[in-house]
Amino acid sequence: MNYQNLRKKMVDEQIVARGIRDRRLIDVLYKIERHRFVPQESRSSSYGDFPLPIGGEQTISQPYMVALMTACLSLKGDERVLEIGTGSGYQTAILAELSKEVYSVERIESLAKRAQELLRELGYANIKIKIGDGTLGWSEEAPFERIIVTAANSDIPPPLIEQLKEEGIMVIPLGDRFSQILTVVKKTKDQIIKTEICSCVFVPLIGKYGF
Ligand code: SAM
């Protein structure tokens with residue numbers, strides 16, 4: 001299977017054609033081998049326009065959703081980013097290419113370990129992964145310029161608002177268990193501004209401030 005051709009087609013038809021314009025992000029999507037993050041049995045579908053199972057009843061998100069969430073973060077390269085829900089580690093790798101450091105929390109040990117091993121093998125030295133409840137954030141490493149939550153919740157977990165730096169940006173799917181709105185949250189000196197982007201469907205965020 002020619003993964004490079006499939007990857008180019010994925011980026012051109014699913015990402016660029018749908019309006020993603022961030023050049024750095026597009027180049028990273030051309031480069032990162034998404035199939036390496038997908039279990040062997042579904043590798044041939046790695047570049048399809050849909051999420052795929054990765055074990056533990058979890059998914060690697062649809063490529064366009066990964067790209068859109070990343071674009072919403074407006075990364076310039078010098079940010080410290082907190083990711084909640086490492087999953088396969090694919091989104092983590094994209095963030096690591098586009099920012100200074102990535103702190104990623106995953107509640108399922110087997111997924112966290114698999115992602116950590118692969119990301120190390122791929123040479124990423126600016127990623128730290130922790131197994132635990134991401135609704136609590138990562139207080140020892142806070143504050144963060146950016147936070148991305150890759151699982152759905154009814155509201156923003158309070159620790160994540162606290163751990164977001166002033167002028168920081170968070171992206172999170174908010175809604176009920178079955179459908180959500182991808183939401184961009186900006187934190188200013190005295191308020192939290194939410195902007196709704198589009199409807200989406202994510203697996204639930206499970207934890208103290210989750211479902
Ligand atoms: N971005 C990932 C990727 O590229 O593969 C996909 C993430 S998947 C849609 C959501 C992940 O969030 C799952 O791996 C799930 O176990 C994790 N998750 C759910 N609740 C969590 C919590 N409280 N803390 C950390 N991870 C959580």
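Me: In which loop is P143 found?
Reply: In this predicted model, the stretch that holds P143 follows one strand, β5 (127-131), and precedes another, β6 (144-149). P143 is therefore placed, by the DSSP runs that define these elements, outside both strands. Its place is the loop between β5 and β6.

Me: Which residue does a cis peptide bond join to P143, and what is omega?
Reply: The partner of P143 in the cis peptide bond is A142. For this bond, omega is about 5°.

Me: Is S74 buried, partly exposed or exposed?
Reply: S74 is found in the loop between α3 (63-72) and β3 (80-84). Its phi is near 45°, a positive value in a residue other than glycine. The class is decided by relative accessibility, and because the value for S74 is 30%, this residue counts as partly exposed.

Me: Is E167 buried or exposed?
Reply: E167 is found in strand β7 (residues 164-175), and its phi, near 70°, is positive although the residue is not glycine. Its relative accessible area is 57%. The cut-off for exposure is over 50%, so E167 is classed as exposed.

Me: Is I54 buried or exposed, and how far is its C-alpha from that of S42?
Reply: I54 lies in strand β1 (residues 52-55). Because its relative accessibility is 1%, I54 counts as buried. I54 and S42 are 12 residues apart in sequence, and their C-alpha atoms are separated in space by 9.0 Å.

Me: How many residues of α4 are buried?
Reply: The buried residues of α4 are Y90, Q91, T92, A93, I94, L95, A96 and L98. The helix is mostly covered, and of its nine residues the number buried is eight.

Me: What separates the C-alpha atoms of T59 and L98 in space?
Reply: T59 is found in strand β2, and its relative accessible area of 34% is why it is classed as partly exposed. L98, by contrast, is one of the buried residues of α4. The two residues are 39 apart along the chain, and the separation of their C-alpha atoms is 23 Å.

Me: Which element gives the most residues to the shell around the ligand?
Reply: The space taken by the ligand is the largest pocket. Two or more residues of the shell come from each of β2 (58-60), α4 (90-98) and β4 (101-106). The most, three residues, come from β2.

Me: How many residues of the shell around the ligand are charged?
Reply: There are 26 residues around the ligand, and those that come nearest are S88, E106, D133, G134 and I206. By class, the shell holds 11 nonpolar and 12 polar residues, and the number of charged ones is three.

Me: What share of the ligand's accessible area does the protein cover?
Reply: Polar atoms of the protein lie at 2.6 Å from a ligand oxygen, in the case of the E106 side chain, and at 3.2 Å from a ligand oxygen, in the case of the Q91 backbone. A polar backbone atom of R107 is 3.3 Å from a nitrogen atom of the ligand. On its own the ligand has 600 Å² of accessible area, and the share covered by the protein is 100%.

Methods:
Residues numbered from 1 in each chain as written. Predicted model: local features only at pLDDT ≥ 70, side-chain atom pairs only at ≥ 80, totals over all residues. Heavy atoms only, no water. Near = heavy atom within 4 Å. Polar contact = N/O pair within 3.5 Å; in protein donor to acceptor, adjacent residues only side chain to side chain. Areas by Shrake-Rupley, 256 points an atom, 1.4 Å probe, with all protein chains shown as cover. 1 Å grid on protein atoms, 1.4 Å probe; cavity = no way out; pocket = protein on both sides within 12 Å on 5 of 7 lines; lining within 4 Å. Sits in = over half its atoms within 2 Å of the grid points. Helix = DSSP H or I, 4+ residues; strand = E, 2+ residues; numbered from the N terminus. Nonpolar A, V, L, I, M, F, W, Y, C, P; charged D, E, K, R; others polar. Buried < 20%, exposed > 50% of the residue type's maximum accessible area, 1.4 Å probe, protein only.
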